[in-house]
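User: I am new to reading protein models. Could we work through this one by question and answer?

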Protein chains: 2
Amino acid sequence: MLGTTYEGQNCSAARALEFVGERWSLLILRDALFRGMTRFSEFERSLGVAPNVLAKRLDLFVKSGLLEQTRAVSDDSLHYRPTPKGLAFKPVIMALTAWGDRWAAPEGPPVHFEHQGCGGRLTLRSHCSQCRDMPTIPEILAVPTKHRRRSS
Amino acid sequence: MLGTTYEGQNCSAARALEFVGERWSLLILRDALFRGMTRFSEFERSLGVAPNVLAKRLDLFVKSGLLEQTRAVSDDSLHYRPTPKGLAFKPVIMALTAWGDRWAAPEGPPVHFEHQGCGGRLTLRSHCSQCRDMPTIPEILAVPTKHRRRSS
């Protein structure tokens, strides 16, 4: 999480960034969402992160409802599993990955995204609810939404 | 930008986050990409950010090739305009916005994304290159890419 919130900035993107903008948070969430990691020791080994830092980040994710703690019946081991709120970060990580692959990965993409059903490559596209087209980047506009109750 | 890079983490998402993970960077880029802002004074007024902080962030964006400086012929005014590398961050901001709208915007989405062509609402979807389907979140897998030259 970032140190402070974006006061006066009514921006959903900025709010989302508060959860993954911190350097380790994104990597922990990536491992939880895409690599099936659930144990403290798995995250620790994967990331080489200091245990106190990892504990703090996992605790924040649990408190903010992105991960939930479960205990295995068999050996009482503690696991961190993504909630729907956490899983919903998958497209964010895909979008960041797509940018990094294109503009900051000289050795080529380290991972790609696959469709579980058919094994095809997945990309993230904008999709128009009206004409069903997939517009290119210049065709994407941001427009203020009119609410009945005015937001700041 | 974050203080240090993610050493040993061959992760495109983490690399992309280095550009927008900082609290003001995302908001500046949002204003540049989606609100058509180009002048220092426009960013300053929109964000209420300290001029020295804004100057540093804009400078970083220019150095990293996300924005480029131009001068108007008419009045010699300085403008910051997104490059293709910068414009490619649109889907990242859309994905962050979608998450924030769903999970952290109690007063409703402040903006929505529109298709310039037809005015329809735009959402970000994963798209399968093989079956042309748009898989749901649980069907999205991350798979290590095999390269000829091994990456760390």
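User: Which residues of α1(B) are buried?

Analyst: This is a predicted model, and a residue counts as buried when 20 or more other C-beta atoms lie within 10 Å of its own. In chain B, helix α1 covers residues 12-20, and 8 of its 9 residues pass that test, so the helix is largely enclosed by the rest of the structure. The buried ones are B:S12, B:A13, B:A14, B:R15, B:A16, B:L17, B:F19 and B:V20.

User: What do the buried residues of α1(B) pack against?

Analyst: Both chains take part in the packing around α1(B). Chain A supplies two helices and chain B supplies two. They are α2 (23-34) and α6 (90-103) of chain A, and α2 (23-34) and α6 (90-103) of chain B.

User: How are chain A and chain B related?

Analyst: In general, two copies of a chain are related by a rotation about an axis and a shift along it. Here a turn of 180 degrees with a shift of 0.0 Å along the axis lays chain A on chain B, with an RMSD of 0.0 Å. The two copies are thus related as by a two-fold rotation axis.

User: Which residue of chain A comes closest to the rotation axis?

Analyst: The distance is taken from the C-alpha atom. At 2.3 Å from the axis, the closest residue of chain A is A:G21.

User: Through what surface do the copies meet?

Analyst: Of the interface residues of chain A, 100% are also interface residues in chain B. The copies therefore meet through the same surface.

User: Which residues have the most contacts inside the largest nonpolar core?

Analyst: In soluble globular proteins, nonpolar side chains tend to be buried together. The largest nonpolar core of this model has 74 residues. Leaving out residues up to four places away in sequence, A:V92 touches A:A16, A:V20, B:A95, B:L96 and B:W99. The residues with the most contacts inside the core are A:V92 and B:V92.

User: Is B:R30 buried or exposed?

Analyst: B:R30 lies in helix α2 of chain B. Leaving out residues up to four places away in sequence, B:R30 touches A:C11, A:A13 and B:I93. Within 10 Å there are 25 other C-beta atoms, and the cut-off is 20 or more. B:R30 is therefore buried.

User: What distance separates the C-alpha atoms of B:R30 and B:P109?

Analyst: Along the chain, B:R30 and B:P109 are 79 residues apart. In space, the separation of their C-alpha atoms is 15 Å.

Methods: Residues numbered from 1 in each chain as written. Chains lettered and ligands numbered in written order. Predicted model: local features only at pLDDT ≥ 70, side-chain atom pairs only at ≥ 80, totals over all residues. Buried ≥ 20, exposed ≤ 12 C-beta atoms within 10 Å, placed from the backbone. Helix = DSSP H or I, 4+ residues; strand = E, 2+ residues; numbered from the N terminus. Contact = placed C-beta atoms within 7 Å. Least-squares fit on C-alpha atoms with pLDDT ≥ 70 in both. Core = buried A, V, L, I, M, F, W, Y, C linked by C-beta atoms within 7 Å.
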